[in-house]
Amino acid sequence: MKTYLRRTPLYSSLIVVLLLMLTACGGTSSGNTSGQTLHVLVGANTTYPTQQKQWMQQIGTEFHKLTGSTIAWDTYSSSSEEQTKLQTAVVSGNGPDIFSLGTTFVPTAQATNGFVTLSDADWQQVGGKSKFFPQQLTMAGKTPDQTIGIPWIMAPFAMVYNKDLFQKAGITTPPTTWTEFIQDAQKINQPSAGVYGTEIDPSDSFDTWKVIWTLSKQLGKDFLSPDLKTAQLNSPEAQTALQFWFDWATKYKITDPNAMSWKSGDATRAFGSGKVGMQLMVSTSIIPTLNKSGLAGHYAFAPMPTIPYGMQQRPASGIAATSIVSGQMLAIAKYSNQKDLALKLINLLTDNQHQLDWHKTFGDLPANAAAANQLASQDALTAAFIQAEAGATPTPFSGSWASIQVSMAGVCSKVANLVATNQYSPSSIKPLLDQANQQIQGSLH
């Protein structure tokens, strides 16, 4: 059973404690790096675990030749574990030197005051800000002069669709509105043959909140007010968004009935087997998997729809939000005495060749602009994501955003359980969102 970390009053006092603790913590670096050990925390790659271990060994070997130092790797496998390890390390003043953080976790990390604020000299050590896509830098820190995150991996989101199922259903172009999306999914849908118009993965801890946030933004409402002081997880727009997503399973029946327990990997396997017409919220990391499946050469990418269901255009306050600004940032802990060594590793990981090698193995787009543009010039699939990145929308830069992600994932998991046990009704949604909103409101500061 998955446990979701809740933000408590203790966390509200975390910032005060850290300010006192970290004033005494250096962020200095030893001059001689030979024989040192650099501790690095990254997300566990559950799709390519063997390849990730090989990559860690390779980088470790290269880094040792470059600096004489070794790397000790640690991993997290969920957003809640990511948040827990971050908070535990910063409170204790002991843990990884480098954290790989999802872009939406950067505000939480910065709110702890537990990470190095990067100087111009620090940026120069990793190649300068111009090395990276400008959209990624919008989530590197709360202001351009107060950055803590260095872009490592870029992951704009799009929709992938099965070209054969589209052709069979007489669909000539991917949908641009959610009304068209439902209509197209219904044309593809053949439950008797085990084929469904789309997928849903409500038990995934990373995808769920992104889907609901995207739909809510298109309707004109964010999860937080513009001044970041008021939680809006239970707004009418969020309720509409959440209900619409589960309508795919309960009302339109365009998803596999067993999908209430699915995570992202399950949805990808179903799509790769040719049983799903459209899969949402995918990044380029799906390409290596699909190219090893029977769908190789039979799929294409497109931006996700941007017009809410039943509407001809977005509300005046609605945002297209085809993708969040998404990816992984590398941040250095203030308690670390290995800042220079950490910057050397970050420079290595973000150079052109290592970024291209990472893409070849794992599919993720380089955050290095030159490397990404090189890929886009050679591959139409990659080019579609580069175009999506140009219009990526940043999420609110709030220290509570990590808790919002975890909270919304918890809501979706509970709704999925109600659906799976035949206890769901649309009226179930508001109480769950009200509860989540109350918890988040208590954490805002």
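Here is a short chat about a predicted model of a protein chain.

Reader: Let's start with the whole thing: how many helices and strands are there in the protein chain?
Author: The chain has both kinds of element, and each kind gets its own count. The totals come to 19 helices and 12 strands.

Reader: What radius of gyration does the protein chain have, and what would a compact globule have?
Author: The C-alpha atoms fill a box of roughly 65 × 50 × 40 Å along the principal axes. For 445 residues, a compact globule would come out near 22 Å. The chain agrees with that, because its own radius of gyration is 22 Å.

Reader: What percentage of the residues in the protein chain are buried?
Author: To count as buried, a residue needs under 20% relative accessible area. Out of 445 residues, the share that are buried is 57%.

Reader: Among contacts between residues at least 6 apart in sequence, what share join residues at least 24 apart?
Author: Here we set aside pairs that are less than 6 apart in the sequence. Of the contacts left in the protein chain, the share joining residues at least 24 apart is 77%.

Reader: Now the pockets: which helix gives the most to the lining of the largest pocket?
Author: This pocket has a volume of about 1400 Å³, and 50 residues line it, with Ala44, Thr46, Thr47, Phe206 and Ser285 closest to its centre. Several elements each supply at least two lining residues, including strand 1 (37–43), helix 10 and helix 15 (352–362). The top giver, with 5 residues, is helix 12.

Reader: How many residues of that largest pocket's lining are nonpolar, polar and charged?
Author: The lining mixes all three classes. The split is 17 nonpolar, 24 polar and 9 charged.

Reader: What about closed spaces: which elements give two or more residues to the lining of the largest cavity?
Author: There are 2 cavities of 30 Å³ or more, and the largest holds about 40 Å³ of space. Its lining is made of Glu199, Ile200, Asp201, Asp207, Val211, Trp245, Trp248, Leu280 and Met281. The elements giving two or more of them are helix 10 (207–219), helix 11 (236–250) and strand 9 (276–282).

Reader: And which helix gives the most to the lining of the second largest cavity?
Author: That cavity has a volume of about 30 Å³, and its lining divides into 7 nonpolar, 1 polar and no charged residues. Among the lining residues are Trp178, Thr214 and Met304. Helix 10 and strand 9 each supply at least two, but the most, 3 residues, come from helix 10.

Reader: Zooming in, is serine 78 buried or exposed?
Author: Serine 78 sits in the loop between strand 2 (70–76) and helix 4 (79–92). Its relative accessibility is 13%, and the cut-off for that class is under 20%. So serine 78 counts as buried.

Reader: Which residues is serine 78 in contact with, leaving aside its neighbours within four places in sequence?
Author: Close by in sequence, a polar atom of the serine 78 side chain lies 3.1 Å from the backbone nitrogen of glutamate 81. With neighbours within four places left out, the contacts of serine 78 are Ser205 and Phe206.

Reader: Last one: which residue caps the N-terminal end of helix 17?
Author: Helix 17 covers residues 380–390, and its buried residues include Phe385 and Ile386. At its N-terminal end, a side-chain oxygen of the capping residue lies 3.0 Å from the backbone nitrogen of leucine 381. That capping residue is aspartate 379.

Definitions and conventions:
Residues are numbered from 1 along each chain as its sequence is written. This is a predicted model: local features need pLDDT of at least 70, side-chain atom pairs count only at pLDDT 80 or more; totals for chains, interfaces and linings use all residues. Side-chain values use heavy atoms; hydrogens and water are left out. Buried means under 20% relative accessible area, exposed over 50%, partly exposed in between (1.4 Å probe, protein chains only). Helices (H or I, at least four residues) and strands (E, at least two) are DSSP runs, numbered from the N terminus. A polar contact is a pair of N or O atoms within 3.5 Å; within protein, one must be able to donate a hydrogen and the other to accept it, and residues adjacent in sequence count only if both atoms are side-chain atoms. On a 1 Å grid over the protein atoms alone, a cavity is a set of points where a 1.4 Å probe fits but cannot get out, and a pocket is an open set with protein on both sides within 12 Å along at least five of seven lines; lining residues have an atom within 4 Å of a point. Grid points are joined across faces, edges and corners, and a volume is the space filled by probe spheres set on the points. Ala, Val, Leu, Ile, Met, Phe, Trp, Tyr, Cys and Pro count as nonpolar, Asp, Glu, Lys and Arg as charged, and the others, Gly among them, as polar. The radius of gyration is taken over C-alpha atoms; the globule rule is 2.2 Å times the number of residues to the power 0.38. Contact means heavy atoms within 4.5 Å.
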